[in-house]
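Let's take a walk through this fold, one piece at a time. Have the viewer open and follow along.

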Amino acid sequence: HSKSVSARSTACRVIVHVDLDCFYAQVEMVRNPELRDKPLGVQQKYIVVTCNYEARKLGVKKLMSVKDAKEKCPQLILVNGEDLTPYREMSYKVTELLGEFCPLVERLGFDENFVDITEIVEKRLNQLQQSGCSRVCVSGHVYNHQAINLLDTTHVRLVIGSQIAEEFREAIYARLGLTGCAGVASNKLLSKLVSGTFKPNQQTVLLPESCQDLIRSLDHIQKVPGIGYKTTKRLETLGVRNVCDLQAFPSAVLEKELGVSIAQRIQKLSYGEDDSPVTPSGPPQSFSDEDSFKKCSSEVEVKEKIEELLPNLLDRIYKDGRQPYTVRLTIRQFSSTDKWFNRESRQCPIPPHIIQKFGKESSSVLSPMVDILMKLFRKMIDVDQPFHLTLVSVCFSNLKDLPSSKKGSIGFYLKQVSPPSGSGK
């Protein structure tokens, strides 16, 4: 009985795969809006790791050498992307935002997330049935332009899922300025495969009847998520090159070659079957917020910007329930003579007596934190000289769980002795 229940529940699942467009390039365009309509590439070592769609139109491709990219597109603007901090922080903001809709969010790299929205869909389906309304409209594309049957609840669930995916994408754009694609299907494998059907900034829903068409459209087995490089090489020696080969391959031979569990798993994947759950990833490593503007050129204005950023950040930390031990201030300066932007950061440990106030009343943390951040600011900028800032960013990191305060627990006794500041422990 329990097996049939779990089989039924996996069949009724609705999973969204959210994949952000040219992620590193988008983050750079959010950080510096002047880059938005220009061909932009993000460089690591001698490679363009990603580029925006303006650059793609002019022939620049992902993972091209910088030399080739510059030849293809002389006006290409390159940004150094070797420091992953801004991408990591933005990536966690996306996961965090999706987590506000639904607790089941699993990160995949920096720019992809799976969200299991089965429960939200179920609630909306019940509301629809109670209101006696049977009209639901699909958001975005349907794979293969397949007709929707509103009498089939599996179809209706996926259609509701497409509306929720649209809400995710709208929220990510409204709050973080990022666009992305989404795929809606009954499992992780299929939602990931279908999400890139229409790019950029579009979404696609896959109905069960088109599942085999999608899976068989993959020209090589390495395109199946979950089949890695080594397994692919071993399958090739067995003469298995595409999904149809793998579906038709005798199970017994495959099990003998690869072992029972791997053989069964990949043969299931070749049919589009994937019952792996969406496992929530760990909490974010840091909380940051930033504000960019045309010009900020006085100490008073900088202080105002910091005071504007802090309440929202402190609120997010309060909700998270951990305490930060490090704070970082980043600024971007503009030099009118050389027409360049220069980013600079300073960080320091948060004094223990202030750390203890986190998670209590955030107003008591606000003013001492402003003072600390202003000290960091003065280490970077000589306030007696004219300056022109176009961005201020505040980041709290090195997050640790609150010491448990029950008497008798070891945390209670440890809390009584705060470590010497700067010990880094």
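Which are the buried residues of helix 8? They are Lys188, Leu189, Leu190, Ser191, Leu193, Val194 and Ser195. Keep in mind throughout that this is a predicted model.

## Helix 8, tucked away

With 7 of its 8 residues buried, helix 8 (residues 188-195) is largely enclosed by the rest of the structure. Its N-terminal end is capped by asparagine 187, which puts a side-chain oxygen 3.1 Å from the backbone nitrogen of leucine 189.

As for what helix 8 sits against, it lies across strand 1, strand 6, strand 7, strand 9 and strand 10. Relative to strand 9, helix 8 runs at about 140°.

## The six-stranded sheet

Those strands belong to an open sheet of 6 strands, ordered 6-7-1-9-10-8, and the pairing is mixed. At the edges you'll find strand 6 (105-108) and strand 8 (141-142); each has a single partner strand, so one side of each is left without a neighbour in the sheet.

Strands of a sheet pair through backbone hydrogen bonds, and they can do that either parallel or antiparallel. Strand 1 (residues 15-20) and strand 7 (residues 112-116) go for the antiparallel option, with 5 bridges between them. To spot the pairing on screen, look for aspartate 19, which stands opposite glutamate 112 in strand 7.

## Helix 7 and its partner

Helix 7 also lies across part of this sheet: strand 1, strand 7, strand 9 (180-185) and strand 10 (203-205). Its direction makes an angle of about 160° with strand 9.

Helix 7 (residues 153-176) packs with helix 6 (residues 118-131) too, at an angle of about 115° and with the axes 9 Å apart. The crossing is right-handed. Helix 6 brings Ile120, Val121, Glu122, Arg124, Leu125 and Leu128 to the contact, while helix 7 supplies Val156, Arg157, Ile160, Gly161, Ile164 and Glu167. Sorted by character, the residues of this contact come out as 7 nonpolar, 1 polar and 4 charged. A general reminder for reading such lists: an α-helix has 3.6 residues a turn, so residues three or four places apart point the same way.

## Strand 12 and threonine 326

Further along the chain, strand 12 (residues 322-335) is mostly covered, with 14 of its 14 residues buried. Strand 12 pairs with strand 14 (residues 389-401) in the antiparallel sense, over 11 bridges.

Threonine 326 is a handy residue to zoom in on here, as it lies in strand 12. Buried or exposed? Threonine 326 has a relative accessible area of 11%, and with buried meaning under 20%, it is buried. Its bridge partner in strand 14 is serine 397. Side chain to side chain, threonine 326 makes a polar contact of 3.3 Å with asparagine 398. Beyond its neighbours within four places in sequence, threonine 326 is in contact with Gln347, Cys348, Pro349, Ile350, Cys395, Phe396, Ser397 and Asn398.

## A loop residue

Now jump to glycine 59, in the loop between helix 3 (53-57) and strand 4 (64-65). Setting aside its neighbours within four places in sequence, glycine 59 is in contact with Met64 and Lys72. Glycine 59 and cysteine 12 are 47 residues apart in sequence, and their C-alpha atoms are 43 Å apart in space.

## Zooming out

Overall, the chain has 17 helices and 14 strands. Its C-alpha atoms fill a box of roughly 75 × 65 × 50 Å along the principal axes. Of the 425 residues, 46% are buried. Among contacts with a separation of 6 or more, 65% join residues 24 or more positions apart.

Terms used
Residues are numbered from 1 along each chain as its sequence is written. This is a predicted model: local features need pLDDT of at least 70, side-chain atom pairs count only at pLDDT 80 or more; totals for chains, interfaces and linings use all residues. Side-chain values use heavy atoms; hydrogens and water are left out. Buried means under 20% relative accessible area, exposed over 50%, partly exposed in between (1.4 Å probe, protein chains only). Helices (H or I, at least four residues) and strands (E, at least two) are DSSP runs, numbered from the N terminus. Two strands pair if DSSP finds at least two bridges between them. Axes are lines fitted to C-alpha atoms, for helices over the stretch in contact, and angles run from 0 to 180 degrees between N-to-C directions. A crossing is left-handed if the near helix is turned anticlockwise from the far one by less than a right angle, and right-handed if clockwise. Contact means heavy atoms within 4.5 Å. Ala, Val, Leu, Ile, Met, Phe, Trp, Tyr, Cys and Pro count as nonpolar, Asp, Glu, Lys and Arg as charged, and the others, Gly among them, as polar. A polar contact is a pair of N or O atoms within 3.5 Å; within protein, one must be able to donate a hydrogen and the other to accept it, and residues adjacent in sequence count only if both atoms are side-chain atoms.
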